[in-house]
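Let's take a walk through this fold, starting with one turn and working outwards from there. Have the model open alongside the text.

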Amino acid sequence: MRLDEEHPQRRTARLKLFEPAEMRHGTQVQRVHLLDLSVAGALLHTTEPPEAGSTVMLVCPKFTRMAKVAWIKERRIGLSFIRTLGKAELAETISPPAAR
């Protein structure tokens with residue numbers, strides 16, 4: 001994991017990771033991969049992205065958050081959380097498995 005230095009204009013630092021998660025949109029439930037995470041949002045890989053502007057629920061082992069789909073580029077989507085993650089939730093999510 002490392003800070004995302006490619007986008008210094010972001011409001012919050014994003015941390016790289018690769019974790020399976022679940023995204024719920026309407027009646028659809030799909031497996032996704034969480035590629036990076038910050039207190040304000042996340043980057044996901046999905047085979048069937050919902051439309052930009054859609055509201056989705058991201059379900060991870062350590063947290064669940066409602067989010068808006070901010071952008072889509074092929075199979076990657078950017079989410080903006082409706083309620084930010086707490087720093088403790090972020091730390092717990094990105095901690096190595098042995099430390100959990």
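Start at Lys-73, whose bridge partner in S6 is Arg-76. That bridge belongs to a hairpin: S5 and S6 have two residues between them. One residue to look at here is Glu-74, which sits in the loop between S5 and S6. Glu-74 is not a glycine, yet its phi is positive, at about 55 degrees. Its side of the story on burial is plain enough: Glu-74 is exposed, with a relative accessible area of 71%. Keep in mind that this is a predicted model.

**The overall layout**

Zooming out, the protein chain has six strands and one helix. In sequence order the pattern reads β-β-β-β-β-β-α. Of the 100 residues in the protein chain, 40% are buried. The accessible surface of the protein chain is about 6,100 Å², and carbon and sulfur atoms account for 54% of that. What about long-range contacts? Among contacts in the protein chain with a separation of 6 or more, 42% are between residues 24 or more positions apart.

**How the strands pair**

Here are the strand pairs, each with one of its bridges.

| Strand pair | Sense | Bridges | Example bridge |
|---|---|---|---|
| S1 and S4 | antiparallel | three bridges | Glu-22 with Val-59 |
| S4 and S5 | antiparallel | five bridges | Val-56 with Ala-67 |
| S3 and S6 | antiparallel | five bridges | Ala-42 with Leu-79 |
| S5 and S6 | antiparallel | six bridges | Lys-73 with Arg-76 |

You can trace a path through these pairs: S1 pairs with S4, S4 with S5, S5 with S6, and S6 with S3. S4 and S5 are also joined by a hairpin, this one through four residues.

**An aromatic pair by the S4–S5 loop**

How many aromatic pairs does the structure hold? There is one. The ring centres of Phe-63 and Phe-81 are 6.1 Å apart and the planes stand at 75 degrees, so the pair is edge-to-face. Phe-63 comes from the loop between strand S4 (55-59) and strand S5 (64-73), while Phe-81 belongs to strand S6 (residues 76-81), so the pair ties together parts that are 18 residues apart in sequence. Both rings belong to buried residues: Phe-63 has a relative accessible area of 4%, and Phe-81 has one of 6%.

**The nonpolar core**

Phe-81 turns up again in the largest nonpolar core, which has 22 residues. Together with Leu-34, Leu-37, Leu-44, Leu-58 and Leu-79, Phe-81 touches the most other members. Which elements supply this core? At least two residues come from each of S1, strand S2 (28-37), strand S3 (41-45), S4, S5, S6 and helix H1 (87-94). S1 gives the most, with four residues.

Leu-79 is worth a closer look. We met Leu-79 as the bridge partner of Ala-42. Setting aside neighbours within four places in sequence, its contacts include Ala-42 and Leu-44, Val-56 and Leu-58, and Ala-67 and Val-69. Arg-14, Ala-40, Gly-41, Lys-68 and Ala-70 are in contact with Leu-79 as well.

**Where the helix sits**

Now for H1. Which of its residues are buried? They are Leu-90, Thr-93 and Ile-94. Looking down the axis of H1, you'd see these buried residues fall within an arc of 85 degrees, so they line one face of the helix. The general geometry helps here: an α-helix has 3.6 residues a turn, so residues three or four places apart point the same way. As for what the buried residues of H1 pack against, the answer is S1 and S2.

One pair of residues links helix and strand numerically. Glu-19 has its place in strand S1, and its C-alpha atom is separated by 9.3 Å from that of Thr-93, although the two residues are 74 apart along the chain. Is Glu-19 buried or exposed? Neither quite: at 23% relative accessibility, Glu-19 counts as partly exposed, whereas Thr-93 is one of the buried residues of H1.

Conventions:
Residues are numbered from 1 along each chain as its sequence is written. This is a predicted model: local features need pLDDT of at least 70, side-chain atom pairs count only at pLDDT 80 or more; totals for chains, interfaces and linings use all residues. Side-chain values use heavy atoms; hydrogens and water are left out. Buried means under 20% relative accessible area, exposed over 50%, partly exposed in between (1.4 Å probe, protein chains only). Contact means heavy atoms within 4.5 Å. Accessible areas come from the Shrake-Rupley method with a 1.4 Å probe; for residues, only the protein chains shown count as cover. Rings of Phe, Tyr and Trp (its six-membered ring) pair if their centres lie within 6.5 Å; planes under 30 degrees apart count as stacked, over 60 as edge-to-face and the rest as tilted. Two strands pair if DSSP finds at least two bridges between them. A nonpolar core is a set of buried Ala, Val, Leu, Ile, Met, Phe, Trp, Tyr and Cys residues joined through side-chain atoms within 4.5 Å. The arc is that of the directions from the helix axis to the C-beta atoms.
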